Amino acid sequence: MTIEKLQFSLPAVFTIGPADDVDSLCRYAKILTGKAANSTKQVTTTGRNHVQDIVKGIIEGETRVIVSSMTMEEIFKEREVFKTAVIRNVQKELDQFGLRIYNANVKELQDTPGSEYFTFLSRKAHEGASNQAKVDVANAMMMGNIGEAEKRGKTRQEISKIDAATAVLETQRKSEKAQADAQLATTQINLDMGINLAKIEATRKAESKDAELQRDVEIQRAQTELEARRATDLVHAKIERESAQQEADAKFYGDSKSADGFFYAQKQKAEASYLATVKGADALVYQQKQEAEASFYRATKEADAAFVAKQKEAAGITEMAKAYQHMSSVLGGPQGLLTYMMLQNNTHEKLAKANAQAIHGLQPKITVWNTGENSWSADAMAPVRNLMQSLPPLLSTIHEQTGIAPPGWLAKMGGEGDGMNVKGEKMVNGD
């Protein structure tokens, strides 16, 4: 029995024999003959197993002494210390008989009949291991879900990068195509302008040559008239030539500026489209990255918070149950604990207040009447008279408490002056 008054069974196997020295062998021989080690008194033997009985008694006695000074937890956890103490104390007692402990094996502690201490300890350890396994499984599932979400996020990021790079390459190809188209248009405009200038120049040369020939003919045919009109013809020719030249220059300048404007507009449009595409792709990648990180962080924190909350809740419920169990044992049982909690929470006072509030405001109306002092007189009409005397207060009470008035013909029986007044003052027999 331990220091906590707990009983248990301690199977043990001791290998004991005589020590290997002359003095010990002499003491062992004396105990075999039935004499004490230090006396000549004959010891009563009960057969060939008296040595085993002596050794068994020593082992059991010393074990009880050591166990009574230790707790069950110390014996269970410090088994080697317990074994050493038992062997040391038993060996001191066996020295007087010349015996020596060669080996000692202490087996598993067992419950005595009617005790289930070690059974409950084993069940507790099993439940603890099972709960820990459940926690480990939950942690593994949490890590798997987190890893899966992380891989999905990285996959989406890589796909977004590839899509962005593809969009950039497409924009570059479109820009190069637009530049090539602009160069082609510019070259075509320059060629058209050269052709037009050559046509205009050829036309002007032909007109000039024709004018010179006409002038020579007119000079030869009529120099006088030609000389008179020469100035006018020359002025008109110069004006027409200068006008044509200015029109050609204006058309060339306009075509050149139009081509330059078209090329610049195409260039600005391509650059703006490329910049918008790049910025959009960067913004989308950054947004997806931030959303993935936020989702991962939120899921991690929620899982940690739920895990800690469940741990704290379980610990709080366990401690509360232990406290109520101790209070119940101190107060004499569950009924004592219930009475204490009702006093602690002022339950009786609250019940009294609730009952008082339930009947608060009630105004019961009570009507009392009698039928005379001698209701058992010899008058044969007394019962009828008493009945009729009780009707007015009865009808008045019904009217006051329920609002139901008697019919008019009942109130007027016996004449107007002698009728029953159910709405006025209460009538009491004898008034």
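Helices (H or I, at least four residues) and strands (E, at least two) are DSSP runs, numbered from the N terminus. The structure is a predicted model, in which local features need pLDDT of at least 70, side-chain atom pairs count only at pLDDT 80 or more, and totals for chains, interfaces and linings use all residues. Residues are numbered from 1 along each chain as its sequence is written, and side-chain values use heavy atoms, with hydrogens and water left out.

**Exercise 1.** Determine how many helices and strands the protein has, and state their order.

*Solution.* Counting gives 10 helices and 4 strands. Along the sequence, they follow the pattern β-β-α-α-α-α-β-β-α-α-α-α-α-α.

**Exercise 2.** Compare the span of helix α9 with the expected value.

*Solution.* The expected span of a helix is 1.5 Å times one less than its number of residues. Helix α9 covers residues 382-402, which is 21 residues, so the expected span is 30 Å. The C-alpha atoms at its ends are 30 Å apart, in agreement with this value.

**Exercise 3.** Locate the bend in α9 and describe what follows the helix.

*Solution.* The bend at a residue is the angle between axes fitted to the seven residues ending there and the seven starting there. In α9 this angle is about 30° at Leu 391, and the proline Pro 392 follows within four residues. Just after the helix, Gly 403 has a positive phi of about 80°.

**Exercise 4.** Classify Asp 23 and Arg 27 by accessibility, and describe how their side chains interact.

*Solution.* First, apply the classes: buried is under 20% relative accessible area, exposed is over 50%, and partly exposed is in between (1.4 Å probe, protein chains only). Asp 23, at 46%, is therefore partly exposed. Arg 27, at 19%, counts as buried.

Next, apply the rule for a salt bridge: a side-chain nitrogen of Lys or Arg within 4 Å of a carboxyl oxygen of Asp or Glu. Asp 23 and Arg 27 form such a bridge, with their closest N and O atoms 2.3 Å apart.

Finally, consider their positions: the two residues are 4 residues apart in helix α1 (residues 22-33), and therefore about one helical turn separates them. An α-helix has 3.6 residues a turn, so residues three or four places apart point the same way.

**Exercise 5.** Repeat the analysis for Lys 353 and Glu 349.

*Solution.* Their side chains meet in a salt bridge at 3.4 Å, N to O. Lys 353 is partly exposed at 48%, and Glu 349 is partly exposed at 43%. Both belong to helix α8 (residues 347-359), where they are 4 residues apart, about one helical turn.
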